[in-house]
Amino acid sequence: MKDFRLKTQLCFRLDALSRMDYKKVLLVTDSFFVQNGTAEKIRQLCKNAQLFVFDKVQPDPPLALIADGVAILTSFLPDAIIALGGGSAIDCAKGILAMSESNAKLIAIPTTSGTGSEVTSFAILTHNGIKHPLVDNRLRPDMAILDASLLEKLPKSLIADSGMDAVAHCLEALAATSASPFSDALASHALRLLVQKLPASFEGDAAVREEIHCAATMAGIAFDHAGLGICHSLSHALGGQFHLPHGKLNAILLPSVIRFNGVQHYQRFTPQVLLTVERLRRVLALPESLHAAGLQRNDVLQHLDAICDAALCDPCTKTNPRSVKIDNLKRIVREVL
């Protein structure tokens, strides 16, 4: 069994920021949170700090954006970086930290419930249409603030996409080659919560979203230690090429991956698990194929070799529970066309 690191302090209200004693804070976010006043609320809570707002975050943050952030960090020299937003904002902040020599503390404030990036050593950056996972203990945030008040107005599509991402984290962590009793406990409990609560959240029940938020973070801790698998490898590769939401791609791929891995690991991937995932996908109105998600069959086949090459090299493939060859990956992609 490998080390189980629990670096990140978890807080559950934004006002935890008022207890911080930083002099300079770099806030990494997007324009939405500037416009809706959340960035200003953070400025007020960081009352003793000079705050610089870098609000250029975009989905699938490219390396050029990271370079802009590094330039600001090098000039401003903050002692803390706050990432506010979904996985892209947190990954952007992690990228800025990774590409600099800064020792700034990293505080993540997730506004979606899915990526788990607020507690992991992973970051996903995009370059030339390819998503590159970075894995480094330095990228694990020092603090995560899981404030459910930020989740009240989530659109249904984001609840579905991010929720299925968290479900995939649980299922892949449970079977990954570095799984342990500790990661299993977190992944199993998180999976039960997600399956039970996501439909209600999707239908507008904001009261369940704090539990889902916590479940997504538990799933993040689990996969950060256990690893993932080829659902995420293929999702990264397809997302880099076609820019579909990561959770939507996981929803499309997960049943085929369960069937592939279930050949050798039927204890984890039972027929009941497959039926549960397929039922949840329907309830959340997620697509069952790449075509249903808007992709053309010929476009995917044209890039099939590059997609599967990228997936085979993805770090997530290393912890897939079943040995994988390029032909296996091609077969799975063809299944979900």
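Glu40 is partly exposed, with 38% as its relative accessible area. This residue belongs to a predicted model, and it offers a convenient point of entry. Glu40 forms a salt bridge with Arg43, and the closest N and O atoms of the two residues are 3.4 Å apart. Arg43 is likewise partly exposed, its relative accessible area being 36%. Both residues belong to helix α2, where they stand 3 residues apart and are therefore separated by about one helical turn.

From this helix the description passes to the sheet. An open sheet of 6 strands, paired in parallel, runs in the order β1-β8-β5-β4-β2-β3. At its edges stand β1 (9–11) and β3 (50–54); each has a single partner strand, so one side of each is left without a neighbour in the sheet. From one strand to the next, the twist averages 20 degrees. In general, the strands of a sheet pair through backbone hydrogen bonds, in either a parallel or an antiparallel manner.

Within this sheet, the pairing of two strands can be followed in detail. Strand β2, residues 24–28, and strand β4, residues 80–85, are joined in the parallel sense over 4 bridges. Val25 has Ala80 in β4 as its bridge partner. Helix α2 (residues 38–45) packs on the sheet, where it touches β2, β3, β4 and β5 (105–110), and its direction makes about 150 degrees with that of β4. Helix α4, which spans residues 87–98, also packs on the sheet and touches β2, β3, β4 and β5; the angle between its direction and that of β4 is about 155 degrees.

Strand β5 contains Lys105. At 40% relative accessibility, Lys105 counts as partly exposed. Leaving aside residues up to four places away in sequence, Lys105 touches Tyr22, Asp79, Ala80, Ile81 and Asp142. One of these contacts, Ala80, is the residue of β4 that is bridged to Val25. The C-alpha atoms of Lys105 and Pro141 are separated by 7.5 Å, although the two residues are 36 residues apart along the chain.

Asp142, another contact of Lys105, leads to a further charged pair. The side chains of Asp142 and Lys7 meet in a salt bridge, with 3.7 Å from N to O. Asp142 lies in the loop between β7 and β8 (143–145), whereas Lys7 lies in the segment before β1, so the pair ties together parts that are 135 residues apart in sequence. Asp142 is partly exposed, having a relative accessible area of 22%. Lys7 also counts as partly exposed, at 38% relative accessibility.

The loop that holds Asp142 follows on from β7, and this strand has a partner of its own. Strand β6 (residues 122–127) and strand β7 (residues 130–135) pair in the antiparallel sense over 6 bridges. In this pairing, Ala123 stands opposite Leu134 in β7. Strand β6 is mostly covered, for 5 of its 6 residues are buried.

The next step concerns the packing of two helices. Such a pair is described by the angle between the two axes and the distance between them. Helix α6 (residues 181–202) and helix α7 (residues 209–226) pack at an angle of about 145 degrees, and their axes are 8 Å apart. The crossing of α6 and α7 is left-handed. Among the residues that make the contact are Leu186, Leu193 and Leu194 of α6, together with Ile212, Met218 and Ile221 of α7. By class, the contact of α6 with α7 comprises 13 nonpolar, 3 polar and 3 charged residues.

Further along the chain, helix α9 (residues 246–262) includes Asn261. At 1% relative accessibility, Asn261 counts as buried. Apart from residues up to four places away in sequence, Asn261 touches Phe269, Asn320, Pro321 and Arg322.

Helix α9 is also the site of one end of a salt bridge. The side chains of Glu278 and Arg259 meet with 3.6 Å from N to O. Glu278 lies in helix α10 (residues 271–283) and Arg259 in helix α9, so the pair ties together parts that are 19 residues apart in sequence. Arg259 counts as partly exposed, at 42% relative accessibility. The structure has a count of 10 salt bridges, including that of Glu278 with Arg259, that of Asp142 with Lys7 and that of Glu40 with Arg43.

Conventions:
Residues numbered from 1 in each chain as written. Predicted model: local features only at pLDDT ≥ 70, side-chain atom pairs only at ≥ 80, totals over all residues. Heavy atoms only, no water. Buried < 20%, exposed > 50% of the residue type's maximum accessible area, 1.4 Å probe, protein only. Contact = heavy atoms within 4.5 Å. Pairing = 2+ DSSP bridges. Axes fitted to C-alpha atoms, helices over the stretch in contact; angles between N-to-C directions. Left-handed = near helix turned anticlockwise from the far one by under 90°. Nonpolar A, V, L, I, M, F, W, Y, C, P; charged D, E, K, R; others polar. Salt bridge = Lys/Arg side-chain N within 4 Å of Asp/Glu carboxyl O.
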